[in-house]
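Please open the model in a viewer and keep the sequence panel visible. The tour below proceeds by selection, one stop at a time.

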Amino acid sequence: MFLRFAGLASPGRTRNGNGVWRGVTSGNLCERVGGEAAVDAAVDLFYRKVLTDPAIGHFFDNVDMDEQRGKRKAFLSMVFGGPNTYGGKDLRSAHAGLVGCGLDDSHFDAVAGHL
Ligand code: HEM
């Protein structure tokens, strides 16, 4: 999803006349979306959009963004079936404090919109 928005093409993929992707026959999802470099680029673009969104940027005011980008990249690589180096918290624990600061579905939707 956000790899598409990042304009990162996946190797070997073409669309048929109906707009359906063809040619994806092997490799894990991480490889199919373009590998770690594509995930890195997509995460960088994603956080540029998140930090400039007035609805959600403030949640990251006191966050070390270099560390955050690294965790997010490792998290996505893990869930896409690539190298698993994620050593961060589970998502419920990671966001528990933010719920106390007003995090709700509208903020999730805003983040999802940048993916
Ligand atoms: C698709 C949904 C989401 C995913 C997959 C995700 C993923 C992550 C990951 C992997 C971390 C690092 C966990 C750690 O520190 O060990 C994290 C932290 C964080 N996330 Fe999310 N997140 C999501 C939604 C959101 C939303 C909706 C917000 C707020 C608008 C948000 C704000 C934050 C902040 C501020 C932190 C840093 C917390 C801290 O350092 O204490 N996240 N997220």
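**First stop: the nonpolar core**

Select Val 33, Ala 38, Val 39, Ala 42, Val 43, Phe 46, Val 50, Ile 56, Ala 74, Phe 75 and Leu 76; these 11 residues form the largest nonpolar core. Two elements, α3 and α4, each supply two or more residues to this core. The greatest contribution, 6 residues, is that of α3. Please note that the model is predicted.

**The whole chain**

Next, select the entire protein and colour it by secondary structure. The protein has 6 helices and 2 strands. Followed along the sequence, these elements give the pattern α-β-β-α-α-α-α-α. Of its 115 residues, 15% count as buried. Consider also the contacts with a separation of 6 or more: residues 24 or more positions apart account for 62% of them.

**Confidence along the chain**

Now colour the protein by pLDDT. The average is 85, and 77% of the residues score at least 70. Which element has the lowest mean pLDDT, and which the highest? Helix α1 (residues 2-5) has the lowest, at 44, whereas α6 has the highest, at 97. Select residues 1-10, where the pLDDT is below 50; this stretch nevertheless has 19 contacts in the model beyond near neighbours in sequence. Where pLDDT is low, the predicted coordinates should not be read in detail.

**Helix α4**

Select residues 65-79, which are helix α4. At 1.5 Å a residue, the 15 residues of α4 should span 21 Å, and the end C-alpha atoms are indeed 21 Å apart, so the two values agree. Which residues of α4 are buried? They are Arg 72, Lys 73, Ala 74, Phe 75, Leu 76 and Ser 77. To see what covers these buried residues, display α2 (29-32) and α3, which are included in the cover. Then centre the view on Phe 75, which touches Tyr 86 and Gly 88 when residues up to four places away in sequence are not counted. Move on to Gly 81, which follows α4 and has a positive phi, near 85°.

**Around the ligand**

Display the ligand and the 19 residues that surround it; the closest are Phe 75, Gly 88, Lys 89, Ala 94 and Val 111. The elements that give two or more residues to this shell are α4 (65-79), α5 (91-99) and α6 (105-114). Helix α5 provides the largest share, with 5 residues. Colour the shell by residue type: 11 of its residues are nonpolar, 5 are polar and 3 are charged.

**Three residues to inspect**

Select Ala 37, which is located in helix α3 (residues 35-51). Is Ala 37 buried or exposed? Ala 37 is exposed, because 9 other C-beta atoms lie within 10 Å and a count of 12 or fewer qualifies as exposed. Draw a distance from its C-alpha atom to that of Lys 73: the two residues are 36 residues apart along the chain, and the separation is 9.9 Å.

Select Ala 112 next, in helix α6. Ala 112 is likewise exposed, with 11 other C-beta atoms within 10 Å. Its C-alpha atom lies 9.9 Å from that of Phe 46, although 66 residues separate them along the chain. Phe 46 is one of the residues of the nonpolar core visited at the start.

Finally, select Leu 115, in the segment after α6. Leu 115 is partly exposed, with 14 other C-beta atoms within 10 Å. Draw the distance between the C-alpha atoms of Leu 115 and Val 50: these residues are 65 residues apart along the chain, and their C-alpha atoms are separated by 9.4 Å. Val 50 is also one of the residues of the nonpolar core.

Note on methods. Residues numbered from 1 in each chain as written. Predicted model: local features only at pLDDT ≥ 70, side-chain atom pairs only at ≥ 80, totals over all residues. Near = placed C-beta within 6 Å. Helix = DSSP H or I, 4+ residues; strand = E, 2+ residues; numbered from the N terminus. Nonpolar A, V, L, I, M, F, W, Y, C, P; charged D, E, K, R; others polar. Buried ≥ 20, exposed ≤ 12 C-beta atoms within 10 Å, placed from the backbone. pLDDT = per-residue confidence, 0-100. Contact = placed C-beta atoms within 7 Å. Core = buried A, V, L, I, M, F, W, Y, C linked by C-beta atoms within 7 Å. Expected span 1.5 Å × (residues − 1).
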